[in-house]
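Hi everyone, thanks for coming. Today I'd like to walk you through how the parts of one structure touch each other, so let's put it on the screen.

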Amino acid sequence: MFSKGVDDKLEHKFVIGSITYAIRGRDILRNNGFKARVERKTSEYKSGCGYAVVFEGDLETAERILKNANIKITKTI
Amino acid sequence: MIYLDNAATSGIKPQTVINAVERSMKLLSANPGRGGHKPSVTVATEVYKVREKISNFFNASGPQNVAFCANCTHAINFVIKGVLNENDHVIISDLEHNAVLRPLNKTVKDYSKATVFFDDNKKTLESFRSLVKDNTKMIICTAASNVTGRVLPLKAIGEMCKEKGILFAVDAAQGGGVIPIDIKEMNIDYLCLAPHKGFFAPMGTGVLIAEKPINNTIIEGGNGMNSLSVNQNTDLPEGFESGTVSVPNIMGIGAGIDYVNKIGREKIYVKEMRIINEFYDHLSKNDKVILYTPRPKIGEFAPVLSFNVSGKSSEEVADFLDKNGIAVRGGFHCSLCAHEKLGTADVGAVRLSPSFSLTQNELLRSLAVFKKF
């Protein structure tokens with residue numbers, strides 16, 4: 001489902017406002033072949049609260065998948 | 001005690017539900033959505049799985065639309081006070097519970113009551129249709145009356161709402177988990193549930209499934225989102241879950257749905273309808289008994305039946321049954337509408353609501369007591 005380039009080994013983070021949407025995002029990425037997990041490091045996100053979906057793989061593909069699932073990404077790290 | 005008050009809450013909780021609650025208390029004691037540590041995320045994932053089960057059961061758009069509330073009444077209040085303005089017109093049925101009537105009466109100036117015909121869904125639909133005005137914003141109605149058991153023609157009402165651009169909210173405290181409810185097929189925008197009834201879950205947690213936005217909250221506070229903002233967010237589901245949710249209850253709901261799915265909702269419903277018809281047939285042969293509905297048919301009624309005994313108040317009859325080992329509910333069942341419709345606003349009625357787990361022996365013992373009326 002996504003390219004296997006060198007950058008795929010890098011971890012990206014999508015900051016998402018709620019735990020429910022973060023888990024939903026994680027599960028959707030996993031169903032699309034990504035290695036993904038949920039974490040919370042609010043000082044890093046600088047957005048009050050929120051969770052991040054941390055994943056390895058192509059950033060643009062992952063972003064498109066989550067947008068198609070109506071998941072709002074508040075920040076990409 | 002023979003428990004015939006399952007419309008109030010399911011009398012017997014399955015062992016799997018009890019186990020899920022106990023497991024939660026022992027192993028899932030972290031606050032979901034409030035921390036980044038593993039236990040918190042684990043519990044949040046478990047809660048999410050229950051949202052998924054609820055969404056799948058009612059064919060909703062997804063777990064993100066499923067919010068946990070204090071109870072079904074709380075969910076209904078979120079819908080009425082969060083969506084409607086005082087100048088909106090709303091249509092309800094003449095069988096509504098006070099959980100709909102009271103918040104609506106407080107929120108809008110103008111609402112109308114459609115007549116539910118016990119033996120004719122087309123007439124019921126026409127009654128709803130005839131009340132639509134230019135400013136009708138919502139139809140909110142019960143899935144099944146908590147007094148008469150009458151199931152409303154939800155699919156037909158939902159189709160009409162879609163055709164006319166009216167929001168459709170359903171109070172499924174009584175029917176949820178028992179009668180077929182399909183959010184997409186019935187065009188339901190807001191579905192409010194009491195899982196302690198149809199899903200045999202613990203009391204004290206309700207469910208709101210919102211397929212459309214709710215613009216205002218009625219309770220504000222911490223919900224794990226936007227902590228640095230003074231304003232409450234209205235993002236589903238957490239925007240409507242301020243404060244800590246009851247994780248043990250939610251785990252009980254998940255186990256309850258598994259239980260219903262394992263046995264089969266249809267199988268449970270059919271058996272409960274067979275039992276309610278046994279009661280109906282028996283009572284209809286007693287000249288002293290007053291019945292208010294036709295013989296309950298599958299698809300048209302939920303397993304709930306109300307009656308009175310000539311010359312006695314409903315509470316007297318309920319007390320008599322209690323003394324003879326049978327739990328039923330007399331009185332008014334928190335439904336001014338239904339009792340006005342039945343003409344029982346002065347005496348109330350005796351309500352029977354058996355569970356599918358009622359044994360043949362319990363049924364026969366109950367019928368033997370009923371002969372003493």
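In this predicted model, 13 residues of chain A are in contact with 20 residues of chain B; contact here is for C-beta atoms, placed from the backbone, that lie within 7 Å. Which elements of chain A each supply at least two residues of the side that touches chain B? They are helix H1 (19-31) and strand E2 (35-39). H1(A) gives the most, with 5 residues. Helices (H or I, at least four residues) and strands (E, at least two) are DSSP runs, numbered from the N terminus. By class, this side of chain A has 5 nonpolar, 4 polar and 4 charged residues. Nonpolar covers Ala, Val, Leu, Ile, Met, Phe, Trp, Tyr, Cys and Pro, charged covers Asp, Glu, Lys and Arg, and the others, Gly among them, are polar.

A quick word on conventions: residues are numbered from 1 along each chain as its sequence is written, while chains are lettered from A and ligands numbered from 1 in the order in which they are written. Local features need pLDDT of at least 70, side-chain atom pairs count only at pLDDT 80 or more, and totals for chains, interfaces and linings use all residues.

Now let's look inside chain B. Its domain assignment gives domain 1 (2-10 + 264-370) and domain 2 (15-262), with bounds from an automatic or database assignment. Their C-alpha centres lie 26 Å apart, and 29 residues of domain 1 are in contact with 27 residues of domain 2. On the domain 1 side, H11(B) provides the largest share, 5 residues. That side has 16 nonpolar, 9 polar and 4 charged residues.

Note on methods
Contact = placed C-beta atoms within 7 Å.
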